[in-house]
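Trainee: I should like to understand one helix of this protein and the contacts made by its side chains. Please give that part a close look, and then relate it to other parts of the chain.

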Amino acid sequence: MQLSSMGRVLRSKLSAALLLAVALASAIALHTQAQSEPARYFPETGHTVKGEFLLYFDQHGGLRIFGFPITDEFDWNGRRVQYFQKARMELHPENPPTDRVVLGPLGDELDHHAPPDAPTANDPYHRYFPETGHTVAYAFLNFYNNYGGTDVLGYPITNFRIENSWIVQYFQRVELVWHPELSGDQRVQLGNLGLLHFDAAGLDPALLSPPPAPGLPGQSTTPTAIKVIASVRRSIIGRSGSQTLYVFVTDQQAKGLAQANVSYVIHDGSGDRPIQMPPTGTNGLTTDTFDIHATRPGQIVVIEVRAGYLTLSATGETLYLTWY
């Protein structure tokens with residue numbers, strides 16, 4: 001009995017040791033995976049794309065499809081998401097490994113639907129989608145086929161149409177825009193649905209602010225330099241209406257600076273217009289909306305931005321194109 005009891009104790013200790021070894025191995029594997037997770041920083045907006053989102057970004061068209069990231073990853077409506085200028089990526093861990101990342105249905109959520117049309121015959125230049133009752137044609141169809149089709153862009157929810165003098169077509173997840181001023185296959189571009197949906201959803205503007213860089217031992221907390229990051233709501237816009245300017249002011253550690261003074265000058269051919277913006281908020285962000293004064297279609301409007309903080313100053317610029 002004594003030997004049997006000792007055997008049970010020994011087996012119990014061996015089992016505990018084995019479980020501990022498995023747990024340690026799993027922890028080490030997770031730590032190694034976290035350390036080796038690929039990441040890419042985009043200085044244009046101060047945000048980072050990493051892991052499965054970065055893999056999807058690289059495999060499905062990169063900047064051409066998604067534009068620059070305008071947020072880091074964050075949790076929204078129970079889902080891990082990241083906003084880009086032209087799209088929103090979502091993580092669906094319940095899906096198979098190859099389908100864990102999908103684009104959010106921004107076209108659906110912004111309600112750009114049009115009534116379905118009667119079925120039409122397919123040919124090399126037209127494809128009718130009975131699922132939604134719309135047709136994709138010509139250059140839009142070429143782009144659709146070359147950049148993932150239904151799996152990436154979703155089904156069409158309109159036919160192509162004229163909107164603010166642009167030829168556009170909405171899909172469940174993106175907007176295609178025809179750019180006659182460009183050449184070759186660059187004439188089809190995606191609209192900035194990511195930016196538009198971010199505004200329409202009323203998400204926290206602080207998410208647009210570049211996150212602070214990790215602190216390092218001995219690193220100074222006093223700003224020694226500042227940086228200006230500027231962007232506009234619409235990169236292409238009509239010659240009337242309004243445009244919104246976003247400006248981030250950060251220090252040398254990419255940390256947002258509050259109470260920085262910001263002004264900008266619009267160079268649109270109608271005379272330079274210097275405008276004072278509100279001071280930056282706690283996240284380093286300030287915004288302003290102004291009227292469009294473009295003089296001709298196809299004009300590139302440059303916005304020159306200047307920021308000041310204590311004795312420091314910096315400049316930046318952004319631009320947009322006006323059309324009919």
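Mentor: Let us begin with a term: a salt bridge is a side-chain nitrogen of Lys or Arg within 4 Å of a carboxyl oxygen of Asp or Glu. Please keep in mind throughout that this is a predicted model. The helix I have chosen is α2, which spans residues 51–59. In this helix, the side chain of aspartate 58 forms a salt bridge with that of arginine 40, with a distance of 2.9 Å from N to O. Arginine 40 belongs to strand β1 (residues 39–42) and aspartate 58 to helix α2, so the salt bridge ties together parts that are 18 residues apart in sequence.

How open to the surroundings are the two partners? A residue is called buried under 20% relative accessible area and exposed over 50%, with partly exposed in between. Aspartate 58 has a relative accessibility of 43%, so it counts as partly exposed. Arginine 40 is also partly exposed, because its value is 33%.

Other residues of the helix are covered. Gly51, Phe53, Leu54, Tyr56 and Phe57 are the buried residues of α2. Tyr56 and Phe57 thus come just before the partly exposed aspartate 58 in the numbering. After the helix comes glycine 61, which has a positive phi, near 110 degrees.

The helix also takes part in a pocket. The second largest pocket has a volume of about 250 Å³. Fourteen residues line this pocket, and those closest to its centre are Tyr56, His60, Thr98, Asp99 and Val101. The elements that each contribute two or more residues to this lining are α2, β6 (101–103) and α6 (149–153). Of these, α2 gives the most, namely four residues. Tyr56 therefore has two roles in our picture, being a buried residue of α2 with under 20% relative accessible area and one of the residues closest to the centre of this pocket. Sorted by class, the lining comprises six nonpolar, four polar and four charged residues.

It is useful to set this beside the largest pocket, which holds about 1100 Å³ of space. Its lining has 46 residues, and Gln85, Asn192, Arg234, Ser235 and Ile236 are the closest to the centre. By class, 24 of the lining residues are nonpolar, 14 are polar and eight are charged.

Let us now return to salt bridges. The structure has nine of them, and the one made by α2 may be set beside two others. In one, glutamate 109 pairs with arginine 88, and the closest N and O atoms are 2.9 Å apart. This pair links distant parts of the chain, since glutamate 109 lies in helix α4 (residues 106–109) and arginine 88 in strand β5 (residues 88–91), 21 residues apart. Glutamate 109 is partly exposed at 38% relative accessibility, whereas arginine 88 is buried, with a relative accessible area of 1%. In the α2 pair, by contrast, aspartate 58 is partly exposed and arginine 40 is partly exposed as well.

The other salt bridge joins the side chains of glutamate 73 and arginine 80, at 3.1 Å from N to O. Glutamate 73 is partly exposed, with a value of 22%, and arginine 80 is partly exposed at 30%. These two residues belong to a network of salt bridges that links Glu73, Asp75 and Arg80.

For a second helix to set beside α2, consider α7 (residues 193–200). Six of the eight residues of α7 are buried, and the helix is mostly covered. The buried ones are Leu193, Gly194, Leu195, Leu196, His197 and Phe198. Just after α7, glycine 202 adopts a positive phi of about 65 degrees. You will recall that a glycine with positive phi, glycine 61, follows α2 too.

Finally, the surface offers a contrast to these covered residues. Phe160, Ile162 and Ile167 make a nonpolar surface patch of about 290 Å². Isoleucine 162 sits in strand β9 (residues 161–163), and its relative accessible area of 62% is why it counts as exposed. Arginine 161 lies in the strand β9 too, yet it is partly exposed, at 28%.

Technical notes. Residues numbered from 1 in each chain as written. Predicted model: local features only at pLDDT ≥ 70, side-chain atom pairs only at ≥ 80, totals over all residues. Heavy atoms only, no water. 1 Å grid on protein atoms, 1.4 Å probe; cavity = no way out; pocket = protein on both sides within 12 Å on 5 of 7 lines; lining within 4 Å. Points joined across faces, edges and corners; volume = space filled by probe spheres on them. Nonpolar A, V, L, I, M, F, W, Y, C, P; charged D, E, K, R; others polar. Patch = residues over 30% accessible without salt bridge, like charges linked within 9 Å, V, L, I, M, F, W, Y side chains within 5 Å. Areas by Shrake-Rupley, 256 points an atom, 1.4 Å probe, with all protein chains shown as cover. Buried < 20%, exposed > 50% of the residue type's maximum accessible area, 1.4 Å probe, protein only.
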